[in-house]
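Work through the exercises below with the sequence and the structure open. Try each task before reading its solution.

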Amino acid sequence: MDTKKSWRDMDTKDFPEIVYIEWWDALSDCGWEDDVEPDVQLVLSIGFVVAEDDKAICIAAAISDEQSNSRMQIPKGMINSIKRVRLNKFLDIRKKKS
């Protein structure tokens, strides 16, 4: 018997957060250069939070019952801002149309 919990069986309050993150990306190049100026790029990312601690956040583009795909680890020191959203605030995917 399969005891794994499916998203369809979960209350939407238990769904993972979706985040919008603005963060500064590191840049590297190679080769000899004269008069190099510092250059960083502001990056905008959206994803499901699959892991987080005081050092970094890991977001994924896609999630299933127990797995995630297209993950990105972003160090907290590189984050400019985070906006967090829970799916249950705007969507109940288990709601059946009548």
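The exercises that follow concern a predicted model and go from strand pairing to single side chains.

**Exercise 1. Find the order of the strands in the sheet and state which strands stand at its edges.**

Solution.
- Start with β3, which covers residues 56–63. Four bridges join this strand to β2, residues 41–52, and the two run antiparallel.
- Turn to the other neighbour of β3: seven bridges connect β3 with β4 (residues 68–75), again antiparallel.
- Next take β1, residues 17–25, which is joined to β5 by seven bridges in an antiparallel arrangement.
- The full order is β4-β3-β2-β1-β5, an open sheet of five strands with antiparallel pairing.
- β4 and β5 (79–86) each have a single partner strand, so these two are the edges and one side of each has no neighbour in the sheet.
- From one strand to the next, the twist averages 35°.

Strands in a sheet pair through backbone hydrogen bonds.

**Exercise 2. Follow the bridge partners across the sheet, beginning at Phe48, and describe the hairpins on the way.**

Solution.
- Phe48 has Ala60 in β3 as its bridge partner.
- Between β2 and β3 the chain passes through a hairpin of three residues.
- From Ala60, step across to β4, where Arg71 stands opposite.
- The hairpin formed by β3 and β4 has four residues between the strands.
- For the pairing of β1 with β5, use Trp23, which is opposite Ile79 in β5.

**Exercise 3. Classify Glu17 as buried or exposed, and find the side chain with which Glu17 makes a polar contact.**

Solution.
- Locate Glu17 in strand β1.
- Its relative accessibility is 18%. The limit for buried is under 20%, so Glu17 counts as buried.
- The side chain of Glu17 makes a polar contact of 3.0 Å with the side chain of Arg84.

**Exercise 4. Which residues form the nonpolar surface patch, and how does Val40 classify by accessibility?**

Solution.
- The patch consists of Trp24, Val40, Leu42 and Leu44.
- Together these residues have about 380 Å² of accessible area.
- Val40 is found in the loop between β1 and β2.
- Val40 has a relative accessibility of 48%. Exposed requires over 50% and buried under 20%, so Val40 counts as partly exposed.

For reading the patch against the strands, one rule helps: in a regular strand, side chains alternate between the two faces of the sheet.

Notes
Residues numbered from 1 in each chain as written. Predicted model: local features only at pLDDT ≥ 70, side-chain atom pairs only at ≥ 80, totals over all residues. Heavy atoms only, no water. Pairing = 2+ DSSP bridges. Axes fitted to C-alpha atoms, helices over the stretch in contact; angles between N-to-C directions. Patch = residues over 30% accessible without salt bridge, like charges linked within 9 Å, V, L, I, M, F, W, Y side chains within 5 Å. Areas by Shrake-Rupley, 256 points an atom, 1.4 Å probe, with all protein chains shown as cover. Salt bridge = Lys/Arg side-chain N within 4 Å of Asp/Glu carboxyl O. Buried < 20%, exposed > 50% of the residue type's maximum accessible area, 1.4 Å probe, protein only. Polar contact = N/O pair within 3.5 Å; in protein donor to acceptor, adjacent residues only side chain to side chain.
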